[in-house]
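Work through the exercises below with the model open beside you. Try each task before reading its solution.

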Number of protein chains: 2
Amino acid sequence: MPQFLNTADAGFETAFTALLGMKREDSPDVDVTVAGIIADVRARGDAAVIDLTAKFDRLELTPETLAFSAEEMAAEITRVSPEDRAALELAADRIRAYHSRQMPEDAEWQDASGATLGWRWTPVSAAGLYVPGGLASYPSSVLMNAIPAKVAGVERLVIACPTPGGAVNPLVLLAAQLAGVDKVYRNGTATIQPVDKITGPGNAFVAAAKRRVFGKVGIDMIAGPSEILVIADAGGDPDWIALDLLSQAEHDQSAQAILVTPDAVLARAVTEAVERQLQVLERREIAGASWRDFGAVIVTRDLDEAAALSNRVAPEHLELCVADAEALSRKITHAGAIFLGHWTPEAIGDYVGGPNHVLPTARSARFSSGLSVLDFVKRTTIARMTPEALAAIGPAAERLAQSESLQAHGLSVRARLDRLNG
Amino acid sequence: MPQFLNTADAGFETAFTALLGMKREDSPDVDVTVAGIIADVRARGDAAVIDLTAKFDRLELTPETLAFSAEEMAAEITRVSPEDRAALELAADRIRAYHSRQMPEDAEWQDASGATLGWRWTPVSAAGLYVPGGLASYPSSVLMNAIPAKVAGVERLVIACPTPGGAVNPLVLLAAQLAGVDKVYRNGTATIQPVDKITGPGNAFVAAAKRRVFGKVGIDMIAGPSEILVIADAGGDPDWIALDLLSQAEHDQSAQAILVTPDAVLARAVTEAVERQLQVLERREIAGASWRDFGAVIVTRDLDEAAALSNRVAPEHLELCVADAEALSRKITHAGAIFLGHWTPEAIGDYVGGPNHVLPTARSARFSSGLSVLDFVKRTTIARMTPEALAAIGPAAERLAQSESLQAHGLSVRARLDRLNG
């Protein structure tokens, strides 16, 4: 059974703080292994990748078969059913439409001193997207990572997707094609040109590898187990809410699903509905373990208190199954994504809503955002002084340089001011 | 002497690639020490901080004297000269004006299906800024870190600034006051409420500590030694350019200053001017070592080639000391900050230009940006389905969920669709 808390109980604050501090990440210390693999690939290049693929993926490759050829791609993609293709195309179109609005704008202006100031955005030149092989090989994640990169204007976008034992998910290849990916590799390698940014989900080994290369290249966030928090009022449908909670719980036994409601009757009804659904769910072992170990049902005094608790959790996904979802959403200060109203199950956001499904986990919505076009562009600041502008603000720069004992800084300004003065 | 390269020489590509790959970071492996300190502070809180401050800063503190009191702040600040205060105020005003334009906008729209989509930006609630004590205690860095945070709307902004031996830089305290910082501590501590984001420069120990807490809280970039690349044509003033190069070289013996020019005569004149200036510069030992070990002068065929080489370097600071700086700037794809024209020494950007001086180093301008208001806000995505919108796009979500074997995802959509269908 999940935890049942009531904000009116004496022990609530202690129990809630413990819930916030709960370690859910099942991350074995794989850093040493990963460091060895990176060193091996740096030293031996393709040969190391081929050896490691034989070992981990039970697959014999050559430098020529590391990447899928255009013919292999096409052949695999013909296996996709028309219905699956249509669904994936609808998802790709909607994700592209949403992310196209995220492209930030350049700015340039003149200030009172006559100086021209501003900034310009430019895309990352090359990006690499890791797509897990095997069980969690999700075509939706390919769209969510690749489309923002393409919208940003990334020139070269490649995917590394292991194919354990040679098994390929044709929907993943179709998603890559729809998103405009340039090349799909069966593994990272030295014959692949280096990229500037790496994104995409993965297990503890992938996370350790991303941490290790961070700085040499950019990375996206290190994603933890999925989370949902549902705030519901008496009008919430217990069955719908139960399925929404389970749709995160089924991802991973470390996932976390939390219901917060001022309605104790609904709280009980949802709990019963979860138990009922768990009996017939295919992934009931995973979802059941997540619900039992990390699930929570919290009864609050009112919706304001529910919003305040949610802000302390800073959930990855937040559903507002309440009569006035818009009003409640205005009280939310920390959340990766908000789903408003009874008709917006979180699963819509995983596939076809439009917003990205790569979102901050483990309370990191307090300081970070989901994946977006901004992850694939960077800003260059612009400054241009005129002689008059330099005369106006240069002396202050010179003075501050002196106060920081940076003489050459001051002299570089002074040399120009002296020219102006004579 | 720095390296002299000419793109017309046979060995150029090899030499330039070696220049790009040069390890400049003098980072001893301090990770073990830092891990011990973090564990100690986690376990013993204030007591550990007080012991460590006694050890490293030779300063005896109590929980009461960890923070500067309002009276101490005011007393220290009276030591600032009116001229220094005026310069700092001008800098603060200009930095605030520039960053105020960076606040991103919320968006919300309805699409053809009737779904409401969008995003909202909210500030990080609490941020901590580290300011080095001792030699490199720069009031300008306080402004550059604190003002974007305040513009973003960060509610609680605190500074940790060690005061070795009790030494305080009153300009740092005045900068904190001008920027609206809430509290200045002589060191991090357990009596300080936790923050959500930590920014600010520091040595190898600070960098290791930031890497270690990354994920628990947000951090800004890990900054490496400073860099400048100057592209100049025949119209460049050798003395000005020499001082601009030295203004980065004087920061750190691992700093890097590079001149790229199609004019071999200018290249020689700048080199001679650097040698001349080095004889009289206060920080000539640091600047001289940087110029000797990491400096480079590259003669190119033309300005286009210069821009292309600069893009491969992706420099932190780029000066365009050429006749048509605007045209040349349009060919720049990777740089932290561009300074256009002869009248814009990089030092202006360090203090009073307006743009931030915290910029990506070590070629990371390929994938990252300087510090900005965006570092202190995060985006929450918004989605609201109507029954009609769900009917239109829900079936595609259900289908994709099935293809990914995520049954509860599909059922959460299906349960709602069934209600619609009666």
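The exercises that follow use a predicted model.

**Exercise 1. Relate the two chains**

Task: Find what turn and what shift lay chain B on chain A, and say which surface the copies meet through.

Solution:
- Step 1. Superpose the chains. A turn of 180° with a shift of 0.0 Å along the axis lays chain B on chain A, and the RMSD is 0.0 Å.
- Step 2. Name the relation. This is what a two-fold axis does.
- Step 3. Compare the interface residues. Of those in chain B, 100% are also interface residues in chain A, so the copies meet through the same surface.

**Exercise 2. Describe the interface**

Task: State how many residues of each chain are in contact, what area is buried between them, and how many salt bridges there are.

Solution:
- Step 1. Count the residues. 119 residues of chain B contact 119 residues of chain A.
- Step 2. Take the area. About 10,500 Å² is buried between the chains, and carbon and sulfur atoms give 57% of this area.
- Step 3. Look for the main contributors. Trp343(B), Phe367(B) and Arg416(B) supply 8% of the area that chain B buries against chain A, more than any other three residues.
- Step 4. Turn to the polar side. There are 14 salt bridges between chain B and chain A. One salt bridge joins the side chains of Arg94(B) and Asp111(A), at 2.7 Å from N to O.
- Step 5. Add the polar contacts. The chains share 64 residue pairs in polar contact, with both residues at pLDDT 80 or more.

**Exercise 3. Place the active-site residues**

Task: UniProt has an unreviewed entry for "active site". Which residues does it list, and are Glu316(A) and His317(A) buried or exposed?

Solution:
- Step 1. Read the record. UniProt lists Glu316(A) and His317(A).
- Step 2. Locate Glu316(A). Its loop runs between helix H12 (303-313) and strand E12 (317-321) of chain A.
- Step 3. Apply the cut-off. Buried means under 20% relative accessible area. Glu316(A) has 5%, so this residue is buried.
- Step 4. Check its polar partner. A polar side-chain atom of Glu316(A) lies 2.9 Å from the backbone nitrogen of Glu227(A).
- Step 5. Move to His317(A). This residue belongs to strand E12. At 2% relative accessibility, His317(A) is buried.
- Step 6. List neighbours. Beyond four places in sequence, Glu316(A) contacts residues including Ser226(A), Glu227(A) and His357(A). On the same basis, the contacts of His317(A) include Ser226(A), Gln248(A), Glu346(A) and Asp350(A).

**Exercise 4. Test the binding-site list**

Task: Which residues does UniProt list for "binding site", and how far apart are the farthest two C-alpha atoms?

Solution:
- Step 1. Read the unreviewed entry. UniProt lists Ser226(A), Gln248(A), His251(A), His317(A), Asp350(A), Glu404(A) and His409(A).
- Step 2. Check the spread. The listed residues span 184 residues in sequence, and the farthest two C-alpha atoms are 55.3 Å apart, so they do not all gather at one spot.
- Step 3. Inspect His251(A). This residue sits in the loop between H9 and strand E10 (256-261). His251(A) is partly exposed, at 25% relative accessible area. Among its contacts beyond four places in sequence are Ser226(A), Asp350(A), Leu406(B) and His409(B).
- Step 4. Inspect Glu404(A). The loop between helix H15 (387-403) and helix H16 (407-421) holds this residue. Glu404(A) is buried, at 5%. Beyond four places in sequence, Glu404(A) touches Tyr138(B), Pro139(B), Ser140(B) and Tyr351(B).

**Exercise 5. Explain the burial of H7(A)**

Task: Why is helix H7 (residues 170-179) of chain A described as largely enclosed?

Solution:
- Step 1. Count. Eight of its ten residues are buried, so the rest of the structure largely encloses the helix. Among them are Leu171(A), Val172(A) and Ala179(A).
- Step 2. Find the packing partners. The buried residues of H7(A) pack against elements of chain A, including helix H5 (82-100) and strand E5 (156-160), and against helix H15 (387-403) of chain B.
- Step 3. Examine the ends. At the start, a side-chain oxygen of Asn169(A) comes within 3.0 Å of the backbone nitrogen of Leu171(A). Gly180(A) follows H7(A), with a positive phi near 85°.

Key
Residues numbered from 1 in each chain as written. Chains lettered and ligands numbered in written order. Predicted model: local features only at pLDDT ≥ 70, side-chain atom pairs only at ≥ 80, totals over all residues. Heavy atoms only, no water. Least-squares fit on C-alpha atoms with pLDDT ≥ 70 in both. Contact = heavy atoms within 4.5 Å. UniProt positions renumbered as here; feature names shortened; annotations may be inferred. Helix = DSSP H or I, 4+ residues; strand = E, 2+ residues; numbered from the N terminus. Buried < 20%, exposed > 50% of the residue type's maximum accessible area, 1.4 Å probe, protein only. Buried area = accessible area lost by both parts, 1.4 Å probe. Salt bridge = Lys/Arg side-chain N within 4 Å of Asp/Glu carboxyl O. Polar contact = N/O pair within 3.5 Å; in protein donor to acceptor, adjacent residues only side chain to side chain.
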